[in-house]
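Colleague: Please take one part of this model and go through it closely, then place it in its surroundings. State your cut-offs as you go.

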Amino acid sequence: FRFKDSLAEDLGRADLVISHAGAGSCLETLEKRKPIIVVTNEKLMNNHQLELAKQLHRDGHVLCCNCSTLVETLQSMDLSTLKPFPPGQPEKFALFLDKVVG
Amino acid sequence: TGGHTAEILRLLSCLSESYSPRHYIFADSDKMSEAKIRSFEQKRSETFSNSQFTLDRIPRSREVRQSWISSVVTTLYSILYSLPLTYKLKPDLVLCNGPGTCVPVCISALLLGLLGIKRAIIVYVESICRVETLSLSGKILYYFSDYFIVQWPDLKEKYPKSIYLGRLV
């Protein structure tokens with residue numbers, strides 16, 4: 001899987017995604033509007049990777065757990081509590097850039 | 001590097017054709033960015049007929065968790081390498097989003113400006129992954145960029161000179 005160019009197809013078919021806290025994985029999954037459980041491993045991860053996972057969890061977009069609580073989370077999860085994740089707006093960036101570059 | 005490339009390509013997605021030609025610079029150790037960039041440009045050329053872009057590699061400035069002292073050395077080496085490249089390209093605008101690779105390029109662009117050779121506008125967009133703290137590149141370029149954009153409000157509070165436009169990617 002590591003060397004697949006894109007997981008888009010697999011993501012499209014999934015009902016639930018269990019992922020590490022990498023930003024790309026989280027964001028791609030959220031964009032496809034699939035429920036996601038983010039598994040964090042504080043020993044392995046750079047601290048900054050946790051930032052996004054924590055924020056997404058705070059905002060109710062993802063479920064979080066660590067390796068030891070994964071089974072428990074799967075058994076007791078309520079996916080309906082997850083809120084949809086609004087898409088980013090690159091057009092705002094384009095507008096900004098047009099203004100400053102002239 | 002991969003994640004940064006995916007993000008920056010999203011940032012580019014709405015730019016008009018006046019942002020041309022586009023020069024992509026990435027680390028020599030980066031295996032995946034080239035494919036992503038080519039695919040992006042390929043799609044773009046389906047809409048815009050006059051799409052021009054180039055690809056260049058420079059030595060990677062710093063590995064993850066590389067020590068301070070050796071990072072300074074490797075970054076200096078990357079600067080020496082990127083200076084002639086930046087001089088050749090003479091960009092009007094330098095756009096970056098945080099990989100270590102961007103620091104030598106921005107420094108080169110700054111030097112060219114200071115020497116009166118070419119003044120580029122430097123725009124830095126911190127990665128969406130950065131919610132509460134800035135990356136090391138961000139901490140450095142906060143002081144040296146013309147426009148420093150963050151994607152989460154906490155960072156705007158901590159770094160008042162930054163610009164918050166909401167989530168861009």
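Modeller: The second largest pocket holds about 910 Å³ of space. A pocket here is an open set of points on a 1 Å grid over the protein atoms alone, with protein on both sides within 12 Å along at least five of seven lines; a lining residue has an atom within 4 Å of a point. The volume is the space filled by probe spheres set on the points, which are joined across faces, edges and corners. The model is predicted, so local features need pLDDT of at least 70 and side-chain atom pairs pLDDT 80 or more, while totals for chains, interfaces and linings use all residues. Residues are numbered from 1 along each chain as written, chains are lettered from A and ligands numbered from 1 in the order written, and side-chain values use heavy atoms, without hydrogens and water.

The lining of this pocket comprises 34 residues, and those nearest its centre are Arg22(B), His23(B), Leu93(B), Val94(B) and Leu95(B). Both chains contribute: α5 of chain A gives two or more residues, as do α1 (2-12), β1 (22-27), α2 (33-47), α3 (68-89), β3 and α4 of chain B. The largest share, five residues, belongs to β1(B). Helices (H or I, at least four residues) and strands (E, at least two) are DSSP runs, numbered from the N terminus.

Among these elements, β3(B) deserves a closer look. Its side chains alternate: Val94(B) and Cys96(B) are buried and point to one face, whereas Leu93(B) and Leu95(B) point to the other face and are not buried. Buried means under 20% relative accessible area with a 1.4 Å probe, protein chains only.

This strand belongs to an open, parallel sheet of four strands in chain B, ordered β3-β4-β5-β6. Because β3 (93-96) and β6 (163-164) of chain B are the edge strands, each with a single partner, one side of each has no neighbour in the sheet. The pairing of β3(B) with β4 (residues 121-125) of chain B is parallel and covers four bridges; two strands pair if DSSP finds at least two bridges between them. In that pairing, Val94(B) faces Ile122(B) of β4(B).

Two of the lining helices also lie across this sheet. Helix α4 (residues 102-114) of chain B crosses β3 and β4 of chain B, at about 160° to β3(B). From the other chain, helix α5 (residues 90-101) of chain A lies across β3, β4, β5 (147-150) and β6 of chain B, at about 160° to β4(B). Axes are lines fitted to C-alpha atoms, for helices over the stretch in contact (heavy atoms within 4.5 Å), and angles run from 0 to 180 degrees between N-to-C directions.

That leads to chain A, which has five helices and three strands, in the order α-β-α-β-α-β-α-α from the N terminus. Of its 102 residues, 38% are buried. The strands of chain A form an open parallel sheet, β1-β2-β3, with an average twist of 30° from one strand to the next. Helix α2 (residues 23-31) of chain A packs on it, touching β1 and β2 of chain A, and makes about 170° with β2(A). Strand β2 (residues 36-40) of chain A pairs with β3(A) in parallel over four bridges, and Thr40(A) stands opposite Asn66(A). Cys65(A), in β3 (residues 63-66) of chain A, counts as buried because its relative accessibility is 8%. Beyond four places in sequence, Cys65(A) touches Ile37(A), Val38(A), Val39(A), Thr40(A), Leu70(A) and Thr73(A).

Note on methods: Buried means under 20% relative accessible area, exposed over 50%, partly exposed in between (1.4 Å probe, protein chains only). On a 1 Å grid over the protein atoms alone, a cavity is a set of points where a 1.4 Å probe fits but cannot get out, and a pocket is an open set with protein on both sides within 12 Å along at least five of seven lines; lining residues have an atom within 4 Å of a point.
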